[in-house]
Structure formats: C-alpha cells, structure tokens
Amino acid sequence: MIDRRGFLFHAGLTGVNLAMLPLVARAADKVVSKTPEEAAQDEDYWAAVRGAFRLDGRFADLQGHAVASAPSTTLDEMARTVDVVHSLPAYHLFRYGQTEKDRVRARLASVLGAEATEVALVRNTTEGISTLIRGLEVELGDEVVTTDQDYPPFIRAWQARGDREQFRVRVVSLPNEASDDQLVEQLANAVTDRTSVLMACHVLFRSGRVLPMKRICAMARERRVRTVIDGAHGFGHVPTDVSQIGCDYYANSLHKWALGPVGTGVLYIREELIAETPPLFMPWDESLGDNRIEKFEDPGTSLPAWPAVNASLDFLEAIGLPRKFARHAYLTRYWSEQLDGVQNVTVRGIQGPTHGGGFASLRITGVESRRLFRHLLDRHRILVGPGETDIKIASQVYTRPADLDALVAVIKRVARNGL
Ligand SMILES: Cc1ncc(COP(=O)(O)O)c(C=O)c1O
C-alpha cells in the first residue's frame, strides 16, 4: 500500500504535466521562427499563454513584481500534492519529501548556473537574506556596505544588528542617473579594509535598473569582501547565472518572476562558504554536516509547494526565457512610451540594457502616490505597487496591452485634472 501511494505520488505529478503543458508548448510553435523581440508582440501567442492561468479577470493585475500568479499546471500540482501528503503526512513528507526537493534543487541549480550542492530551498528572498544578515560573521568595528536602493527591511535588519554588535552599516546613495562605471566606482569608494560584507540588489526594486553585478562582485572579491545579492527581481526576470555574476550569496523569490507557487524561494551559497555560514533553523538531523546546503532548509513541512515548482519551471521552459524577457521589456515600453512628454508625469526606469524590463515607477506631480494607488484600485480595478513617492507598474506574461491602455488613460486624466 505504502509503495503504491509513493508510486502514485510520482506518477501522478508527471501525468498532470503531460496533460496540460502542450497547450503552451503548442502555442509556441507559432512563434518559433520569430526572434524573441518579434514574438514579444504576437498577441495571439500571449493570449494563449494567459489562457494557462486562472486569473481574477475583474482586475488588471500590474503588481506582479510583488507576487505573480502561478500557471494552472502549478496550482494543480500543488493541490494534488496537498492531497497526497495529507493522506499519510509523516510518510510522504519524510520519505518522499527529500527526493522531491532534490529533484527541484537540481533543476533550479542548472537554471541558475550553480551546483545542486549550492542551492537551498527556502520560502522567499526574505528568508534567504535574513539567514545571512543574522548569521554572517561581522566583527566588532567592521563595516557592512549597502545602498539606499536596497530593500528597506534588509537595511534596517543590518542596522539593528550593527547597533547590537557595534559595527557600522554604510548606506551608499545610488543616484538613478548614474552610469554603470559611476555605480561601480561609488561602491568601490565605500569599501574600506574594515568592510566584510557588501549587500546590493541585482535589479533595483524602485526603478527596475539592473546593476552591473559581475563588476561589483569582482571588485568586492578583490578586496576580500563577501557579496550578498538580493535577487528578488533577478532570476526569472533578467538573465541570471550566479557563477558568471561571481557572487558569494544570492537569494530569490520564485513566486515573483519565476511564476512559482507562493512561498517558494532559493538561497544560493558558494560551495566554499557553506560550512562557515550558520543556518536560521538548527537542522533536525544532527548528522547533517556543516557543509551541506540542506541545513538552510526548514525541517520538511513545506513540501506541498516544491513539486509544483517543477511545473513552473516546465512552464518557463515552454515559453523560453529570452521570449519572456523580451515580452517584459516590450510591455514596459508599451505603456511608458504612451506617457512620454505627458505634462506632470515622470516615469522612473530606464529602457535599454541597464533596465530590468518588467517594471518601472511613475509619479504625477502634486498627486500623492498612496492616493493614486487607491484611486486606481477602487475606481478602476487596476492593481499597481504602492510606493512612498511613486507607484510601480509591473507586467507579467499574462498582462494584456488592454490592461496597460486602461492604466495610461487614467494616468493621463489624473495628470490633467487631478484626483
Ligand atoms: C528588492 C526586494 N527584496 C526583497 C523582497 C522581499 O520579497 P519576498 O517577500 O518574496 O521575500 C522584495 C519584495 O518585493 C523586494 O522588492
């Protein structure tokens, strides 16, 4: 009985993929001869992709940078795993759980440019980065360098630890208009012989700008500074290969740009650093050595989400990452160009090689961003990201140009007449 259940667990997961994925894969046949940039504008193809999601069609969801919808195949996998696991929990979690996680780990490692022994499965970027903020060795009188464009809770977490343990956190100001050379120089100037950690975002969360991470990490490594990269808007959104970037640590939330189920993320740790990096939770298994990546994972009760990550990776593969990146960039250009030159509207987010593609921020002079956010949501059912000074607009693979047209029409009206 037990073996049969175990068998069904695996066979069933594969069965769902085979039944559902061809929808998106077949649609890709239509764009296969097109460049990613041409395919990015093929609305028939993207309508088919959108059809693979179960969306709340009453809203235009332009907040997918925070949490994205996962495709139906992923949701089905997750529902099935919940059923199977709860039919015999301890057995499925503790016997099959590890095998399932190892399968996903190996796949994630290959798409991230890492070894499977370097990828921990965590709940999100917050868990990954918090593990490092709590655990990395920083000595009395040392310094941690980060930027004013980093995620505020992470800056505050470093500052709280710095206050307790008496080390300094240097927050470097990164101007939006700076060139890549200037950014690298600014960070290099902030690093001293007391700096032990440099934390920065792969893609800046306010503007979508991609930092020249390979150069930043090379500079830090030359000076023996460990690099902690907040990749919340990296993997799945822009090309990401951690071995090419050359960072020491990289954290990502799969439920953003990789279209994974809510509550899944990865923490990459360069092999040589695993042993010296302490975990957030003490592993249940005492025999798990210090140099095993699994020590960074919770004790195993989060299994239902992990087989579903495989379905999300299948989905990304069926679209093809270059096509996905091109679609993000196309949609951001689509709405931002319509607002070019509109009086009182400022778009923050540079198009071109230094821009992340899928999101940018905007503000209307004289209109408070929180009120604009509420107006869009309450009056027009358009969900955007609320920021301190700007609203953030993100496009995912299921975003329609019509959603963006609706946004542009409201923004133009408010820019002219106020709220
Ligand atoms: C730059 C950045 N880092 C970290 C996070 C936290 O992500 P999560 O809530 O998935 O951990 C966010 C959230 O949007 C973010 O924008």
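# Sheets, helix packing and the ligand shell

Helix α7 (residues 125-135) lies across four strands, namely β2, β6 (226-230), β7 (249-253) and β8 (265-269), and runs at about 155° to β7. Keep in mind that this is a predicted model. The strands under α7 belong to an open sheet of 7 strands with mixed pairing. There's also an open sheet of 4 strands, where the pairing is antiparallel. On top of that come three helix contacts, made by α5 with α13, α5 with α6 and α6 with α13, plus a set of residues around the ligand.

**The sheet of 7 strands**

- Reading across this open sheet, the order goes β2-β8-β7-β6-β5-β3-β4.
- At the edges sit β2 (119-122) and β4 (168-172), each of which pairs on one side only.
- From one strand to the next, the twist averages 15°.
- Inside the sheet, strand β3 (residues 143-147) and strand β5 (residues 195-201) run parallel and are joined by 3 bridges.
- For a concrete pair to look up, take E143, whose bridge partner in β5 is T195.

**The sheet of 4 strands**

- Here the strand order is β9-β10-β13-β12, with antiparallel pairing.
- The edge strands are β9 (345-348) and β12 (385-386), and each has pairing on one side only.
- β12 is joined by 2 bridges to strand β13 (residues 391-394), and the two run antiparallel.
- Across from K392 in β13 you'll find G385.
- This sheet has a helix over it too: α16 (residues 401-417) lies across β9, β10 (359-364) and β13, at about 25° to β10.

**Helix α5 against α13**

- Helix α5 (residues 72-87) packs with helix α13 (residues 306-319) at an angle of about 165°, and their axes are 8 Å apart.
- That angle is over 145°, so α5 and α13 count as roughly antiparallel to each other.
- The crossing of α5 past α13 is right-handed.
- On the α5 side the contact uses T73, T74, E77, M78 and T81, which meet P307, A308, A311, S312, D314 and F315 in α13.
- Sorted by class, the residues of this α5 and α13 contact come out as 5 nonpolar, 4 polar and 2 charged.

**Helix α5 against α6**

- The axes of α5 and helix α6 (residues 89-112) come within 5 Å, crossing at roughly 110°.
- An angle of 65 to 115 degrees counts as roughly perpendicular, and α5 and α6 are therefore roughly perpendicular to each other.
- V84, V85 and H86 are the α5 residues here, and they meet P89, H92 and L93 in α6.
- The α5 and α6 contact has 4 nonpolar and 2 polar residues, with no charged ones.

**Helix α6 against α13**

- α6 also meets α13: the two axes come within 8 Å and cross at roughly 35°.
- This time the crossing, α6 past α13, is left-handed.
- From α6, the residues E100, K101, R103, V104, R107 and V111 meet W306, P307, V309, N310 and L313 in α13.
- The class split for this α6 and α13 contact is 6 nonpolar, 1 polar and 4 charged.
- P307 of α13 turns up in the contact with α5 and again in the contact with α6.

**Around the ligand**

- The residues around the ligand are A66, N124, T125, T126, Y151, C201, F205, D230, A232, H233 and S253.
- By class, this shell divides into 5 nonpolar, 5 polar and 1 charged.
- Some of the shell ties back to the sheet of 7 strands: C201 falls within the residue range of β5, while D230 and S253 fall within those of β6 and β7.
- Helix α7 joins in as well, with T125 and T126 lying in its range of 125-135.

Technical notes. Residues numbered from 1 in each chain as written. Predicted model: local features only at pLDDT ≥ 70, side-chain atom pairs only at ≥ 80, totals over all residues. Axes fitted to C-alpha atoms, helices over the stretch in contact; angles between N-to-C directions. Parallel < 35°, antiparallel > 145°, perpendicular 65-115°, else oblique. Left-handed = near helix turned anticlockwise from the far one by under 90°. Contact = placed C-beta atoms within 7 Å. Nonpolar A, V, L, I, M, F, W, Y, C, P; charged D, E, K, R; others polar. Pairing = 2+ DSSP bridges. Near = placed C-beta within 6 Å.
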